[in-house]
Amino acid sequence: MGFGTGSLRGQAGVVDHRLSRRHLINEYKRGRLRQDQVCDAHPELIRAARNVGAPASVACPICTADELRLITYVFGPRLPAHGRCISTAQELRRLDARPDELTAYVVEACVECRWHHLLRVLPVGNRAPRAAAL
Ligand SMILES: [Zn+2]
């Protein structure tokens, strides 16, 4: 296992995740990063992407395959240390109804080339604004 927020590239103090995403893609296209440096998703993430991931509206920025998926993990009290992978909107609504302060990480991952990046971080539960934008 060992899958945690540390495996989710893009989180470290970066506020605008789209900016760091674009930066990585540009570095790859300019040849400053090899594909194996940007396509290194944890096997657990790829498994989740394949099983419960929602199809993304765009193609993979690296391999251009139509295999990009969105996966949501929720972290917080009384949840597994590696987060809970959310597979249904109902599950997310249930977590959102909790009094605990939870955090949802929405990650994109390509099941074809293993590109992955954190897209957004949202508050869940604790009467936070509804996470309807997921
Ligand atoms: Zn790809």
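In the hairpin formed by β4 and β5, where five residues lie between the strands, R114 adopts a positive phi near 75°. The model is a predicted one, and the backbone angle of R114 is therefore to be read as a property of that prediction. R114, which is not a glycine, belongs to the loop between β4 and β5. Most residues other than glycine have a negative phi. With 21 C-beta neighbours inside 10 Å, against a threshold of 20 or more for a buried residue, R114 counts as buried.

A second non-glycine residue with a positive phi is R78, for which the angle is about 65°. R78 is placed in the loop that leads from β2 to β3, the latter comprising residues 84-86. Here the surroundings are sparse by the criterion applied, since a residue is exposed if 12 or fewer other C-beta atoms lie within 10 Å; R78 has 8 such atoms within this distance and is therefore exposed. Thus, of these two arginines, R114 is buried, whereas R78 is exposed.

The strands that flank the hairpin loop are joined in the antiparallel sense, β4 pairing with β5 (residues 116-124) over eight bridges. Within this pairing, A109 has H116 of β5 as its bridge partner. β4 also pairs with β2 (residues 68-75), again in the antiparallel sense and over eight bridges, and in that pairing Y73 is matched with Y105 of β4. β4, spanning residues 102-110, has eight of its nine residues buried, so the strand is largely enclosed by the rest of the structure.

A contact between helix and strand residues is found at A49, which is part of helix α3 (residues 43-52). A49 counts as buried because 25 C-beta neighbours fall inside 10 Å. When residues up to four places away in sequence are left out, A49 touches R69, I71, A109 and V111. Of these contacts, that with A109 spans 60 residues along the chain, and the C-alpha atoms of A49 and A109 are separated by 6.4 Å. A109 is also the residue whose bridge partner in β5 is H116.

Helix α4, formed by residues 89-96, has L92, L95 and D96 as its buried residues. Viewed down the axis of α4, these residues fall within an arc of 100°, so they line one face of the helix. The face turned away from this buried side carries the exposed residues Q90 and R94. The cover over the buried residues of α4 includes β2, β3, β4 and β5.

At the level of the whole protein chain, four helices and five strands are present, and from the N terminus on the elements follow the order α-α-α-β-β-β-α-β-β. Of the 134 residues in the chain, 34% count as buried. Among contacts between residues at least 6 apart in sequence, 64% join residues at least 24 apart.

Key
Residues are numbered from 1 along each chain as its sequence is written. This is a predicted model: local features need pLDDT of at least 70, side-chain atom pairs count only at pLDDT 80 or more; totals for chains, interfaces and linings use all residues. Helices (H or I, at least four residues) and strands (E, at least two) are DSSP runs, numbered from the N terminus. Two strands pair if DSSP finds at least two bridges between them. The arc is that of the directions from the helix axis to the C-beta atoms. Two residues are in contact if their C-beta atoms, placed from the backbone, lie within 7 Å.
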